[in-house]
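Got the viewer open? Let's take a short walk, one selection at a time.

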Amino acid sequence: MLEAVDIGTQHVGCYEDAAGGEVVARLEELAGPLRGARVLHLNATPYGGGVAEILRSEVPLLRDLGLDADWKIITGDEKFFSVTKKLHNALQGAEQELSAQERETYITHSVRNAHLLEERYDLIVVHDPQPLALPHFYGGDGTRWLWRCHIDTSEPNPRVWGFLEPYLSEYDAAAFTLEGFVPPGFPVERVEIIPPAIDPESPKNLELRPATARRVLQWIGVEVERPLITQVSRFDPWKDPLGVIEAYRLVREEFPESQLALVGSMALDDPEGWEIYHNIQEAAREDEGVHVFTNLTGVGNIEVNAFQRYSDVVIQKSIREGFGLVVSETLWKETPVVAGRAGGIPLQVEDGVSGYLVDSVEECAGRVIELLRQPGKGREMGVRGREAVREKFLLPRLISDELRLYAELLG
Ligand code: UDP
C-alpha cells in the first residue's frame, strides 16, 4: 500500500477573515455535490517544495468540505529520484538525455507504485512528473485521472517529452499554472489553468508579532540589528542561489553592514539539492555576511515566517519558476520582493507596483539597494502586494477552481 501522509484538521470557516465570507460560502456551495467523492492527491514528497506545502493545507480542507480526500506519496530509491529530477529539469527545458537504463528505472518504479495503489478512488490527482506514468500501469476501473503540473513546461526538452507524452495521453484532464506552460501539441484535451495559492492559516503565514519574529531570528543566529536580505527556496539551480550571492556582493558595496540569509530546504525527491547546498556553503564561507539556514538545522515554518516578515527585502531570483509560492508568502507579510521575471512570478508581482521584477544580477542588486535606501517605498509595495494576494492567491480560490474541475470530471 502507498504511504498516506498524516495531516491535521482544518475548518473552512477559519478562512472568512482572510478571504471573505462570500468566498467561503461559494466554496461550500461548490463542494455540496461532491460530498463523499473519493479523491486522492499523489505526489513524491511529504515535505520540501511548493506541492507538499499546498497539499498539507488543501487536503484537510477538502475533508472539512465533505470530500473523502487522501494524500499519498509514491515510493522510490535515490536512483529513481535522480531520474525524476532529470525529468523535472528536462521539462523545464534543460539539455538532458535519459539513458535506456534511466527510462527503465522510471518504468519499473511506476509499475511498482501502480501496484501499491490498492485503494479505489473516484478521482486521482497526480502532481508533477514523478508519478505521471501511473494511470498506464494501474489498469482501467473507471477512475478519473487529472495531471496537475506545477512546473514551467512551455519548452520541454523534446526527447524527454517524447518519452512522457504517451503516458500523458491517458489522462482525463490536466491543470497548469499558466496558459503559456501548456506545451505545443499537448495530448490531453481538457486543460484548465489554475494558479496555486498560499494558506493564510498555516504556521508559515500566520500573524507573528514583530518582536516574536525578531526573537526567532536572533535565536537561530541572525544579527537582527543589521539590514537583512533573504531568499527562501529549495537549493536548485533554477532558483539561482549563486546569482543571489553575486547580487548581495554588489549590494554590500553600498551597504557594508547588510547580511544575506539563504534559507533552503532539502526535499526527499531532490538528490541534486545536496550538491548545490555544498556549493553554496563554499561560497558562503568566503563571505562573513552570507548565512545558510536549512530545515536540517531546525529552520521550519515559523522561522521561514519570521524571515519573510522581518527581512528588509526578500529576493526570489528564479530563472525558471512554476509559480513561486514564496513570492505570495512574502507579499502576504507586506515585505518588499525583488524577483526574477520568470514563469508564475509576474502573475504575483506587478513590476514597480507591488515589487520589482529583474532579469540580471546587476538589476537585482540595483533594486535591492533602492529598497534599502527607501524603506517607505518598499512598505507601500508590500501593502499593495498583500491586497493582490488576498484577491488572487489564497487557498479558498485555489480549492474553488479545483472543485469546479472535479465536478466536471465526476459529473
Ligand atoms: N520552503 C520552506 N523552507 C525552506 C525553503 C522553502 O519551508 O527552507 C517552502 C517555502 O516557504 C514554500 C515552498 O517551500 O512554501 C517552496 O515553494 P515554491 O513554489 O516557492 O517553490 P518550489 O520549491 O515548489 O519550486
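The tour goes from the ligand to some strands.

Before you click, note that this is a predicted model, where local features need pLDDT of at least 70, side-chain atom pairs count only at pLDDT 80 or more, and totals for chains, interfaces and linings use all residues. Residues are numbered from 1 along each chain as its sequence is written, and side-chain values use heavy atoms, with hydrogens and water left out.

**Stop one: the ligand.** Select the ligand and the 17 residues that surround it, counting a residue as near if one of its heavy atoms lies within 4 Å. The closest are Gly50, Lys204, Arg234, Lys239 and Glu329.

Now click Leu325: one of its backbone N or O atoms lies 2.8 Å from an oxygen atom of the ligand. For Ser265, a backbone N or O atom is 3.1 Å from a ligand oxygen. Of the ligand's own 540 Å² of accessible area (Shrake-Rupley method, 1.4 Å probe), the protein covers 89%.

Which element gives the largest share of the shell around the ligand? Colour helix 12 (325–332), which supplies 3 residues; helices here are DSSP runs of H or I with at least four residues, and strands are E runs with at least two.

**Stop two: the strands.** Select residues 313–316 and 337–340: these are strands 11 and 12, running parallel and joined by 3 bridges (pairing takes at least two DSSP bridges). Ile315 stands opposite Val338. Follow the chain from strand 11 through helix 12 to strand 12 for a right-handed β-α-β crossover, meaning the path runs clockwise with the strands pointing away from you.

Last click: Tyr356 in strand 13, the bridge partner of Val338.

Note on methods: Polar contact = N/O pair within 3.5 Å; in protein donor to acceptor, adjacent residues only side chain to side chain.
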